[in-house]
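Please open the structure in a viewer and keep the sequence panel visible. The tour proceeds from the whole chain to single residues, with a selection to make at each stop.

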Amino acid sequence: MATDKNTIGVTTKAQKVLDQMAETGVFPDQMDAAKFAMSIAIRRGAKPAEVPGAGTKWNVGSFDPDNELRNLIPIIFPNVKGPYRAIESLIDSGLDIVARDYLKTQHFDFAAVLQTLDGTPKKNPGTEKRSQ
C-alpha cells in the first residue's frame, strides 16, 4: 500500500449503506456506523486492500482522535504500513458485508447482526424454559 492517508473516504455504494444504517437511529452518526462496519469486516476475516473510488468523508483526526485505531491495526495486520488506508478498506468491506447479509429487506437489524457475529442462535422470546 502507498503512504498513509489524511482522510478516510467511502465509495458511493458504501455511502448508501451508511445512509441506511444511520436511518435506524442505532448509531449516533455515520462515523460510528462505519467503525461498526469495520469491526464486522475484521470479525469476518477481511484483509485490507486498496479502495478505488473512495471519496473524502472524515479527517483522520476526527475519526481517530486518540490514535487508538491507528495503533490497533498493525497489531491485527502486522504487514500493514498505512493503518488509515487499511481502515478505509475494512470499512468498505464491512459495509459490503452489511449490504449483502443484513440489508436484504432494506432495514438494518442491529440485534440480528450481533447474534450472527457472536454465534448465538436467534431465539424466539418466551420459548425458553426457566429453571425452577
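Of the 132 residues in this chain, 39% are buried; the model shown is a predicted one. Colour the chain by secondary structure to find 6 helices and 2 strands. Followed from the N terminus, the elements are arranged as β-α-α-β-α-α-α-α. Of the contacts in the chain with a separation of 6 or more, 78% join residues 24 or more positions apart.

**Stop 1: helix 2**

Select residues 30-43, which form helix 2. At 1.5 Å a residue, these 14 residues should span 20 Å, and the end C-alpha atoms are 20 Å apart, so the expected and modelled lengths agree. At the start of the helix, display Asp29: one of its side-chain oxygens comes to within 3.1 Å of the backbone nitrogen of Met31. Which residues of helix 2 are buried? They are Gln30, Met31, Ala33, Ala34, Phe36, Ala37, Met38, Ile40 and Ala41. Move on to Gly45, just after helix 2, where phi is positive at about 90°.

**Stop 2: the largest nonpolar core**

In soluble globular proteins, nonpolar side chains tend to be buried together. Here, select Met21, Phe63, Ile87, Ile91 and Phe108, the residues that touch the most other members of the 36-residue largest nonpolar core. Two or more residues of this core come from each of helix 1 (12-23), helix 2, helix 3 (60-63), helix 4 (68-76), helix 5 (83-102) and helix 6 (110-118). Helix 5 gives the most, with 9 residues.

Now centre the view on Phe108. Leaving aside residues up to four places away in sequence, Phe108 touches Met21, Thr24, Phe27, Phe36, Val98, Tyr102, Leu103 and Val113.

**Stop 3: Phe110**

Next, select Phe110 in helix 6. Is Phe110 buried or partly exposed? Its relative accessible area is 26%, and because buried means under 20% and exposed over 50%, Phe110 counts as partly exposed. Beyond residues up to four places away in sequence, Phe110 touches Val26, Phe27 and Phe36. Display Thr24 as well: Phe110 and Thr24 are 86 residues apart in sequence, yet their C-alpha atoms lie 8.7 Å apart in space.

**Stop 4: helix 4 against helix 5**

Finally, show helix 4 and helix 5 together. The two pack at an angle of about 85°, and their axes are 9 Å apart. Helix 4 is therefore roughly perpendicular to helix 5, since angles of 65 to 115 degrees count as such. To see the contact, select Leu69, Arg70 and Ile73 of helix 4 with Pro83, Tyr84, Ala86, Ile87 and Leu90 of helix 5.

How values were computed. Residues are numbered from 1 along each chain as its sequence is written. This is a predicted model: local features need pLDDT of at least 70, side-chain atom pairs count only at pLDDT 80 or more; totals for chains, interfaces and linings use all residues. Side-chain values use heavy atoms; hydrogens and water are left out. Helices (H or I, at least four residues) and strands (E, at least two) are DSSP runs, numbered from the N terminus. The expected span of a helix is 1.5 Å times one less than its number of residues. Buried means under 20% relative accessible area, exposed over 50%, partly exposed in between (1.4 Å probe, protein chains only). A polar contact is a pair of N or O atoms within 3.5 Å; within protein, one must be able to donate a hydrogen and the other to accept it, and residues adjacent in sequence count only if both atoms are side-chain atoms. A nonpolar core is a set of buried Ala, Val, Leu, Ile, Met, Phe, Trp, Tyr and Cys residues joined through side-chain atoms within 4.5 Å. Contact means heavy atoms within 4.5 Å. Axes are lines fitted to C-alpha atoms, for helices over the stretch in contact, and angles run from 0 to 180 degrees between N-to-C directions. Angles under 35 degrees count as roughly parallel, over 145 as roughly antiparallel, 65 to 115 as roughly perpendicular and the rest as oblique.
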